[in-house]
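Here is a dialogue between a learner and a teacher on how to read a protein model. The learner asks about one feature at a time.

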Amino acid sequence: MISAMKDSVYNTDVEDLREGEYPMIKDSVYLDHAGATLCPKSVMDSFAIDMTSALYGNPHSASPSSQLSTSRIEDARMNLLAFLGADPSKYDLVFVSNATAGIKLVVDALRCQPHGWRYAYHQACHTSLVGARGEASDSVCLDDHGVQSWCEGVTPFDNSPQQQQLAVTLFSYSAQSHMDGKRYPLTWSQKLKRTHRNTQSQSQIYTLLDASSFCATSQLHLDDPSIIPDFVVLSLYKIFGFPDLGALLVRRSAEHLFDHRKYFGGGTVDMVVSGKEEWHATKSQFLHERLEDGTLPFHSIIALDIAMSAHQRLFGSMDQVSSHTSYLTQRLHQALSRLRHANGEPVCKIYTKISSDSPLGTGPVVSFNIRNSLGAWVSLTEFEKLANLKKMHIRTGSLCSPGCIASALNLQPWEMKRNFSAGYRCGAENDIMAGKPTGVIRASLGAMSTMADVDRFVDFIGEFYQEATLYNGGIYDCDSITEPWTSQTQAGLEVESITIYPIKSCAGFSIPPAVPWEIRPEGLAWDREWCLLHQGSGHALSQKRCPKMALLRPILDFDRGELIVKYHGTPKQGFPNQISIPLSADPSFVNTSMHQLPSRVCGDRISPQIYTSNEINTFFSRVLGIPCVLARFPPGGIGSSSRLSKAQMSRHQKPQLGIQRLPGSFPEIPSPPDSDSEQQQPSKILLSNESPILMICRSSVDALNEEIKRRGGEGVSDKAFRANIVLRRSNGLNEPPAFEEDNWGLVRVGKQTFKLLGACRRCQMVCIDQETGEKKEEPFVTLAKTRRYDGKIYFGVHMRHDLLGPHDHGSRDTQYPTIKVGELVTIEDKKTSI
């Protein structure tokens, strides 16, 4: 490891080249180099010049252009072998799409072994290596101790006659953990082979080294006689950023394992007889000729040669890159370790251990989770929302490293299966199960990372997650406590506006004043009855991924019986800017069969009616630039054609001493309750996220905007919160305090009673300007500092229509309940202070 002073000089050099070579990360902090590092601009420029100045043809030909491609491919192959310190007389290199494709080639060869094969893999292996066990006759997962015992002669497999007949054993491991950067002995391959020879076993043992994470910032020395893996896989985009290629290195002594491979593709055979007889002769000079099926991505391989030259020009040797990233890793690790809450508790639980004993050190990866001052975990989903908004590019979740995650988080197999049964899936929002996190935050550094990246990321963690004020039991002390309102108190409120959102995540339709609007069991009539589904995944589109959906503005034309959707963005020449959709359930427009696109909304699997109209689906796909189809989820469905509300009242909304306050919340403004579940009867919903109806108060919007402006920002429209009902102060009456709605139990709007279900948990979608479709920082940043409870951010309240309210009787108002703009609002029930 180089000294801090020397590395600082190098860090300055990287900063000097960042602006010109990496303009894409201006104003951003990119800390996901373990996923893919960044490509320099000069590589793309050089590649473009090469592609436009030389003529390259398909290498499977004898033309000059084809021979030029073949020559460049072989040059790149030799240069990459040299880069990895691999002697061409001992290793052959096969180009593949990524490391996983290389693993599959090895598994394909082992699958064809006459007597089968058995498999051992280290617990730090990537999911792609774990998946190889499905093809093996027997498999076992080993921790460090298990591998060491094997190296000392204790076999991890049983010694049954059946096992002894298996002629081939493969051991796979990662040179560096994708999860926490821990590095493992590259000499394991040599030690296992030596031990195996001493046992005089008739079977053969081979080793597969996953070097993808390791090679991203460190030099792999395959010329070292103590490092003798039979197979090495790596993803080249993790080293150079571009092209998207991988490589499989095969030791010459292990090439015979591919002799039994049955499949052959174009370019891998010298002759094929097909007809009356079936026979072929595979190429035999080089292994890569047999394994590189079909036409190679020759343009990408040419780009690889350019990228390798640029990498050396920009960063020098891999040892220099390793020193630079090691310094930054220690800086990040130490800074996160120093973050403390006001009560002295650490902000971060760090899983990466900086190794001073291992000659390989620790990879440039720091994985951690965040806890509040009382030890509660911060949701990864909530963290990522804020990180995305602040342009922090990191990775969260299980990181395709199931063994390391289970070990770090102390998740036993039974716990993981229980979590699965309880609904947890990779990427799901319910990422804290039974008091334990299900994933981690991973920050990984690369050759072009700087000290400024590290410091800015640490400042971000400190600003939003380091609690500088102590509080007792989650309730902040306050000098003034709001006086409780008694039951059936006039709140001084009226309905300012009513808005429905016919198509989920598109713009709203404002109900005209004095027009009674129907209330259905699932919510307001026509609210979120349609959605747009991605044609590939079947998931409902939202403004979080497609902000332009805000520019799709609906009009309900009951005279014509149509939902008219107009696009208010830049018109596309030759295509209409609006489309009409029948309000009636016309069977000629939709597919109602069970054999349709699997669909999900907010994690729920649903069976919607998918529109088959090419005109309708083409309109939405073209204006959004995303292949999608319109789907309908009408009320009254059962089974997967229905959904239930997820918003429920929490224990924090029960009567208690004082009014809850949040760290940094507005003076005299109550904090929102946590919407964690309490047992109550769920309500039916259509395609809304959590509840039938969402309500906000004008006084709360105004208080939030005052705080935003005080912090130097620009206020936001109430449209940002996409509420169905907005309440305001009625003329001549006193306005209740901002955020008082958090404490209501029942409200009466006109002649209808509504039950409050809990506070609305917010995401960064509130930052989408509903007029322009542009994404901004506010109001989420201010909400994160003033309306956060248990790591979750709240604004507005969920509610449902209560047909059994205290004033409801058998009348038209109960058979056909409606509300309208201007109706007075009465608070029927409020949890009072004691």
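**Reading strands, sheets and helices**

Q: Which residue stands opposite T753 in β36?

A: R748 stands opposite T753 of β36. The model is a predicted one. R748 belongs to the pairing of β35 (residues 744-749) with β36, two strands that run antiparallel and are joined by 4 bridges.

Q: How many residues lie between the strands in the hairpin of β35 and β36, and which residue there takes a positive phi?

A: The hairpin has 2 residues between its strands, and G750 takes a positive phi near 60°.

Q: What other strand does β36 pair with in the antiparallel sense?

A: Strand β38 (residues 792-801) pairs with β36 over 6 bridges, in the antiparallel sense. In this pairing F754 is opposite H801 of β38. As for its surroundings, β36 (residues 752-761) is mostly covered, with 8 of its 10 residues buried.

Q: How should I read the two faces of a strand?

A: In a regular strand, side chains alternate between the two faces of the sheet. Take β33 as the case: I693, M695 and C697 lie on one side, L694 and I696 on the other, and all are buried, so both faces are covered. Strand β33 (residues 693-697) has 5 of its 5 residues buried and is therefore largely enclosed by the rest of the structure.

Q: Which strands is β33 joined to, and in which sense, parallel or antiparallel?

A: Two pairings can be described. β33 and β38 run antiparallel and are joined by 3 bridges, with I693 opposite M799 of β38. β33 and β34 (residues 725-729) run parallel, also joined by 3 bridges, and here C697 stands opposite L727 of β34.

Q: Where are the edges of an open sheet of 3 strands in the order β21-β20-β39?

A: The pairing in this sheet is antiparallel. Its edges are β21 (523-524) and β39 (818-819); each has a single partner strand, so one side of each is left without a neighbour in the sheet. Strand β20 (residues 517-520) is joined to β21 by 2 bridges, and the two run antiparallel. I519 stands opposite L524 in β21.

Q: What is the order of the open sheet that contains β23, β24 and β25?

A: The order is β23-β24-β25, an open sheet of 3 strands with antiparallel pairing. The edge strands, β23 (552-557) and β25 (578-582), each pair on one side only. On average, neighbouring strands of this sheet are turned by 20° against each other, direction ignored. Helix α18 (residues 614-624) packs on the sheet and touches β23, β24 and β25; the direction of α18 makes about 140° with that of β25.

Q: How many bridges join β24 to β25?

A: Strand β24 (residues 562-567) is joined to β25 by 5 bridges, and the two run antiparallel. K566 stands opposite Q578 in β25.

Q: How do I find the buried side of a helix?

A: An α-helix has 3.6 residues a turn, so residues three or four places apart point the same way. For α8 (residues 188-198), the buried residues are W188, S189, L192, K193, T195 and H196. Seen down the axis of α8, these fall within an arc of 165°, so they line one face of the helix. The face turned away from the buried side of α8 carries the exposed residues R197 and N198.

Q: What do the buried residues of α8 pack against?

A: They pack against β3 (117-122), α6 (144-151), β5 (168-174) and β6 (204-210).

Q: How is a pair of packed helices described?

A: Two packed helices are described by the angle between their axes and the distance between the axes. The axes of α6 and α8 come within 8 Å and cross at roughly 40°. That makes α6 oblique to α8. D144, V147, W150 and C151 of α6 make the contact with W188, K191, L192 and T195 of α8. By class, this contact of α6 with α8 has 5 nonpolar, 1 polar and 2 charged residues.

Q: Is S69 buried or exposed?

A: S69 counts as buried because its relative accessibility is 0%. S69 is found in helix α3 (residues 64-83). Leaving aside residues up to four places away in sequence, S69 touches Y56, G57, P59 and F298.

Q: What share of the residues in the protein chain is buried?

A: Of the 834 residues in the protein chain, 56% are buried. The chain has 21 helices and 40 strands.

Methods: Residues numbered from 1 in each chain as written. Predicted model: local features only at pLDDT ≥ 70, side-chain atom pairs only at ≥ 80, totals over all residues. Heavy atoms only, no water. Pairing = 2+ DSSP bridges. Axes fitted to C-alpha atoms, helices over the stretch in contact; angles between N-to-C directions. Contact = heavy atoms within 4.5 Å. Buried < 20%, exposed > 50% of the residue type's maximum accessible area, 1.4 Å probe, protein only. Arc of directions from axis to C-beta. Parallel < 35°, antiparallel > 145°, perpendicular 65-115°, else oblique. Nonpolar A, V, L, I, M, F, W, Y, C, P; charged D, E, K, R; others polar.
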